[in-house]
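Please look over the sequence and the model below before reading on. The paragraphs that follow go from the whole chain to one helix and its neighbours, and then to a few single residues.

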Amino acid sequence: QGSSTTCSKLASVACFLIVSLVMAHTTPSLREGSGNLRKTTVEFVNEVTELCSSVERSVQAALEQAEGAPEDVVVVVLDLDETCFTADTENGLATSAWFEDLMQRFVPMLQSEAGMTYAEVLMECLAVVDCFYPLVPAKITEEGIPGLLESLKQRGIATIGLTARRPDLAEATWQQLGDSRSLVFDSLSPPLDLASVHELENHLRSNGHAAPDNPDNWEGIRQDRGVWFTANANKGATLRQLLKAGTHVIFADDSARHLHDTSAALDGYAASVRLLHYIAAKNSAKMRLDAESCDQVLASHCAALFQQEHPAFMALVQ
């Protein structure tokens, strides 16, 4: 009987090992519906005016919750426009505040006069943006951001840039910053290969993870210099696919919508989510916004692009 009991135990262990091995080799590469193993701690910090110090406090809180182990556990995610940098313009041109004002003025006018839909106006405005953004310099919102990113890397904490800019704006983004590599993000893992990026893009698109203001005009995603250019993809859904279950996430963005999307996507998946609604740069852009001056400068940029026979701009004009 003792021998029979021993054999039974060995058989149980063998079955457990087989099941474990099968599960290990059949784990899906995309994490839809997986990782709902714990209750997620969510903290939303509104009206953040100091980015670096707020991120540091959130990192310390996350490390305490993670019992001091940063590797594969804590990640800092930062938006770009009006979070990490802002257009270096006196009138607010090329800031998020300017673009929102432009849409508010042009959408009703073009809907009435040209019969265009909101999405059509949006796509045309974005096409113009793609052409002239490289001509507009940008500056870091806080001097301490480059040092913060380097410090996080040295401590073994991953950093990710996450922007709603279109993939085609990657080069223009670095050109705006003078290609100085002042923003160096490091996820502490190899970048996804092209096939994996396409797989991620197809997953997001097929599951309806597009922004509500432009759900039908899918613009793709791109990874460049540690930054994800997501265009109209849902930022929260994107992060759920990129991060491991049980991660402690700190995410700063000037848009409350993206923060709420991330909270919804990571609830029940991440161990904790700390959301920082950074408002200082956007408030500054709103205060200095001069729509009439912006229109004049934009017109001069368009004239210069026409004279240069800029290919993308000429295609837009034609």
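Among contacts in the protein with a separation of 6 or more, what percentage comes from residues 24 or more positions apart? The figure is 80%, where contact means heavy atoms within 4.5 Å. This is a predicted model, in which local features need pLDDT of at least 70 and side-chain atom pairs count only at pLDDT 80 or more, while totals for chains, interfaces and linings use all residues. Residues are numbered from 1 along each chain as its sequence is written, and side-chain values use heavy atoms, with hydrogens and water left out.

The protein has twelve helices and nine strands; these are DSSP runs numbered from the N terminus, helices being H or I with at least four residues and strands E with at least two. Of its 318 residues, 46% count as buried. Buried means under 20% relative accessible area, exposed means over 50%, and partly exposed is in between, for a 1.4 Å probe and protein chains only.

Helix α8 (residues 235-242) is a useful place to start. Seven of the eight residues of α8 are buried, namely Lys235, Gly236, Ala237, Thr238, Leu239, Arg240 and Gln241. The cover over these buried residues includes β2 (74-78), β5 (158-163), α7, β8 (248-253) and α9. At the start of α8, a side-chain oxygen of asparagine 234 comes to within 2.8 Å of the backbone nitrogen of glycine 236.

Two of the covering elements are helices. Two packed helices are described by the angle between their axes and the distance between the axes. Here the axes are lines fitted to C-alpha atoms over the stretch in contact, and angles run from 0 to 180 degrees between N-to-C directions.

How does α8 lie against helix α9 (residues 256-266), and at what angle do their axes cross? The two axes come within 7 Å and cross at roughly 40°. This makes α8 oblique to α9; angles under 35 degrees count as roughly parallel, over 145 as roughly antiparallel, 65 to 115 as roughly perpendicular, and the rest as oblique. The crossing of α8 with α9 is right-handed, the term for a near helix turned clockwise from the far one by less than a right angle, with anticlockwise giving left-handed. On the α8 side the contact is made by Lys235, Gly236, Ala237, Leu239 and Arg240, and on the α9 side by His258, Asp261, Thr262, Ala265 and Leu266. These residues divide into four nonpolar, three polar and three charged. In this count Ala, Val, Leu, Ile, Met, Phe, Trp, Tyr, Cys and Pro are nonpolar, Asp, Glu, Lys and Arg are charged, and the others, Gly among them, are polar.

Arginine 240 is one of the α8 residues in that contact. Arginine 240 is buried, with a relative accessible area of 11%, and its side chain reaches the backbone oxygen of alanine 265 at 2.9 Å.

The other helix is α7 (residues 194-206), which packs with α8 at an angle of about 135°, their axes 11 Å apart. That makes α7 oblique to α8, and their crossing is right-handed. Leu200, His203 and Leu204 of α7 meet Ala237, Thr238, Gln241 and Leu242 of α8. The residues of this contact divide into four nonpolar, three polar and no charged.

After α7 comes a loop leading to β6 (222-224), and glycine 208 is found in it. Glycine 208 counts as exposed, at 54% relative accessibility. The C-alpha atoms of glycine 208 and asparagine 234 are 8.9 Å apart, with their positions 26 residues apart along the chain.

Next, a residue in another helix. Threonine 173 lies in α6 (residues 170-176) and is buried, with a relative accessible area of 0%. Apart from neighbours within four places in sequence, threonine 173 is in contact with Leu80, Phe85, Arg165 and Phe229. Threonine 173 and leucine 80 are 93 residues apart in sequence, and their C-alpha atoms are 9.4 Å apart. The side chains of threonine 173 and arginine 165 are joined by a polar contact of 2.9 Å. A polar contact is a pair of N or O atoms within 3.5 Å; within protein, one must be able to donate a hydrogen and the other to accept it, and residues adjacent in sequence count only if both atoms are side-chain atoms.

Finally, two loop residues have a positive phi although neither is a glycine. Alanine 94, with a phi of about 70°, lies in the loop between β3 (85-87) and α3 (96-114) and is buried, with a relative accessible area of 2%. Glutamate 309, with a phi of about 55°, lies in the loop between α11 (291-307) and α12 (311-317) and is exposed, with a relative accessible area of 59%.
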